[in-house]
Amino acid sequence: MTNFSKNLLWTILALIAISLVFSLFAETGKAPEKLSLNQLAEKINAGEVINIKVSGEDLDVTLKDNVKAAAQKETEASLTETLKNFGVDPAALQKVGVSVQNQSGLAFWASILIPTLLPLLVIGFFFWMMFRQARVGVNQAFNFGRSNIRLSTFGKERVTFSDVAGLKEAKEELVEIVDFLKNPKKFLDLGARIPRGVLLVGLPGTGKTLLARAAAGESNVPFFHISASEFVEMFVGVGASRIRDAFLTARKAAPAILFIDEIDAVGRQRGAGLGGGNDEREQALNQILVELDGFDRDTRVIVLSATNRPDILDPALLRPGRFDRRVILDLPDINDREAILKIHAKGKALNHQIDLRKIAIRTPGFSGADLANLMNEAAILAARRNKKTIAQDELYESVEKVLLGPERRTRAISVHEKEITAYHEGGHALVAATLKGADPIHKVSIISRGFAGGYTMKLPIEDQHIRTKTQFVNDLAIMMGGYASEKLTFSDVSTGASNDLKEASDLARRLVTRYGMSESLGPVTFGKTEELIFLGREIATEKNYSEKIAAKIDDEVRNFIEHAYAVAEKILREHKKALEKIAKTLIEKETLEQDDFYALLKPFRIKLVAV
Ligand code: ADP
Ligand code: MG
Ligand code: ZN
């Protein structure tokens, strides 16, 4: 509940209480009938009055049959005197019991104090509320510049290096840093300088945050962590003061590790900002630089930081003495993937026959986070199928689900569409199976997944870090295989091929402009691309070539595509029977696994060809 609504509630409660008190007082004066003094005198003379109670000027009259009435006497005079003046027969008055009540009781004081004090109390209460509110505001204003720095506690969720698979070099680096903090003397005696900052660099999901947490779990020194986005505030200067506070906190606890996650939020190159908020970010960045420099030689605080955008970081951050150590976290290779899968298989009810290696083979390019997600999806899938354990099937399915999105069996497709998709995917698969050096087919399917109508999964035998021109040209021909197959079979093309064409065009353009793989243009790159190497994405390309070259580039891109199309068409024409067989089987079975697919092709004795 917010402060405001809390206060409102209190106010309403107070008002209700006040009105209750007032209504009590109102009650007492309401009931009895009011008598004027001569009416009272008449009633006394008629012998109807039994009793009169006097309190101050108020007369409580009890009539016959216990009927109550009220009256008032004159202020100065006594009751008997007043009544005599109104002509009461003294004999009649003697029959009336008169009692005088002294008003010194609680009721008397309450009747005086409450009406006067209560409004004062109410007003005071409101003022108190207002002041309290203001004080909270002031406190908040003072807390604004404080960082929300958190001290990791090593409770149940303690993570150690054994929870991190692979990342061998990165782990070694961090082990060394932990060692620095534990035995600084060993290093200082040799004249070594303790590193100030370590930057963990890697694609999203490669385990940067996880590794930092593991370092925290291993080091046994205080470990503070904060996300750099908390330094970006609407008000200029707040971020900077938060940074000051974060560093101060860490320094007080030295030896300590300060982990700033996602540092690119403030670490962008200065002066390169687009849009607002730039000034604030620059100030925050400057403050980080100042703090990094400001460490004394022997201050044992190491700043750990993580980013997936090292290319946009300000160079000043990366110079020696600041984040001078860079630890690169690569995507896991096949062995690491298996190890990561094993870690995330812990605590899951896996079938005994499960082979995680086979999953690792199918998942090149998956990050640690993807693999963790895969294991979880498999468990969910098994639960949905009311199984007691997770089987290999669920794992395979999850690979595809993570890769392409969930299967959409329910999407109704017409018989004709199914046929088109079958020939399309068959085309990709057959071209891939015919080309020398192409990656083997793992699965062909015409069940739509995510946005894809069908898919052909081909995977390299081993992880690759570089690719050759031959491989690229193969890839282009395989991409064009779907389009060529549709054209050949139906003399028509569908929208199903549009994504293939786009990808093929992009790839061909990269071959020409970036990899210098075009014969006619030679080993030259074109366009100064501000490229996010880590993401393999371009943000902006500056044209640094003439229109004449631009036209030549377009021609070369077209040549690559046309050549690829020709290769694909030739293969499909030559093996028309094989294509038909694949397509018919796909229409019938919808998916073909690796073994089934190659068994299907066997009778056709396809000879491998080079592009
Ligand atoms: P980021 O690099 O984006 O900070 P995280 O460290 O948050 O990635 O990783 C996300 C999740 O992926 C982790 O919580 C963990 O479950 C899983 N993961 C990533 N890398 C590994 C790894 N090397 N070993 C085990 N699990 C990993
Ligand atoms: Mg992270
Ligand atoms: Zn396709």
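**Close-up views of a predicted model**

**View 1. The zinc ion (ligand 3) and its protein donors.** In this predicted model, the zinc ion (ligand 3) is coordinated by NE2 of His424, NE2 of His428 and an OD atom of Asp500, at 2.0 to 2.1 Å. Along the chain, the donors of this zinc ion follow the spacing H-x3-H-x71-D. His424 and His428 are separated by about one helical turn, because they stand 4 residues apart in helix 17, which covers residues 415–434. His424 counts as buried because its relative accessibility is 5%, and His428 likewise counts as buried, at 7% relative accessibility.

**View 2. Glu425 in helix 17.** An unreviewed UniProt entry lists Glu425 under "active site", an annotation that may be inferred rather than shown by experiment. In the model, Glu425 is placed in helix 17, the helix that also holds His424 and His428. With a relative accessible area of 5%, Glu425 is buried, since buried means under 20%.

**View 3. The surroundings of ligand 1.** Of the 17 residues around ligand 1, those that come nearest are Ala165, Gly205, Lys208, Thr209 and Leu210. The residues of this shell divide into 9 nonpolar, 6 polar and 2 charged, and at least two of them are supplied by each of helix 8 (208–219), helix 13 (334–345) and helix 15 (368–384). An oxygen atom of ligand 1 lies 2.8 Å from a backbone N or O atom of Gly205, and an oxygen atom of the ligand also lies 2.8 Å from a polar side-chain atom of Lys208. On the side of the ligand's nitrogen chemistry, a nitrogen atom of ligand 1 is 3.0 Å from an N or O atom in the side chain of His344. The accessible area that ligand 1 has on its own is 560 Å², of which the protein covers 81%.

**View 4. The span of residues 106–131.** The unreviewed UniProt entry lists residues 106–131 as "transmembrane region". In the model this span is 100% helix and 0% strand, and its end C-alpha atoms lie 34 Å apart.

**View 5. Tyr396 and Ala378.** Tyr396 has its place in helix 16, which covers residues 392–404, and is buried, with a relative accessible area of 18%. Between the C-alpha atoms of Tyr396 and Ala378 the separation is 8.3 Å, the two residues being 18 residues apart along the chain.

**View 6. Thr585 in helix 21.** Thr585 is located in helix 21, residues 576–589, where the side chain of Thr585 reaches the backbone oxygen of Lys581 at 2.6 Å. Thr585 is buried, its relative accessible area being 9%.

**View 7. Glu262 and Arg605, two residues with positive phi.** Although Glu262 is not a glycine, it has a positive phi of about 50°; its place is in the loop between strand 9 (256–261) and helix 10 (264–267). At 34% relative accessibility, Glu262 counts as partly exposed, because this value falls between the limits of 20% and 50%. Arg605, which is not a glycine either, has a positive phi of about 45° and is placed in the segment after helix 22 (594–601). With a relative accessible area of 73%, Arg605 is exposed.

Note on methods: Residues are numbered from 1 along each chain as its sequence is written. Chains are lettered from A and ligands numbered from 1 in the order in which they are written. This is a predicted model: local features need pLDDT of at least 70, side-chain atom pairs count only at pLDDT 80 or more; totals for chains, interfaces and linings use all residues. Side-chain values use heavy atoms; hydrogens and water are left out. Donors are N, O and S atoms within 2.8 Å of the metal (3.2 Å for Na, K and Ca); water is not among the atoms, so sites may look incomplete. Helices (H or I, at least four residues) and strands (E, at least two) are DSSP runs, numbered from the N terminus. Buried means under 20% relative accessible area, exposed over 50%, partly exposed in between (1.4 Å probe, protein chains only). A residue is near a molecule or strand if one of its heavy atoms lies within 4 Å of it. A polar contact is a pair of N or O atoms within 3.5 Å; within protein, one must be able to donate a hydrogen and the other to accept it, and residues adjacent in sequence count only if both atoms are side-chain atoms. Accessible areas come from the Shrake-Rupley method with a 1.4 Å probe; for residues, only the protein chains shown count as cover. Ala, Val, Leu, Ile, Met, Phe, Trp, Tyr, Cys and Pro count as nonpolar, Asp, Glu, Lys and Arg as charged, and the others, Gly among them, as polar.
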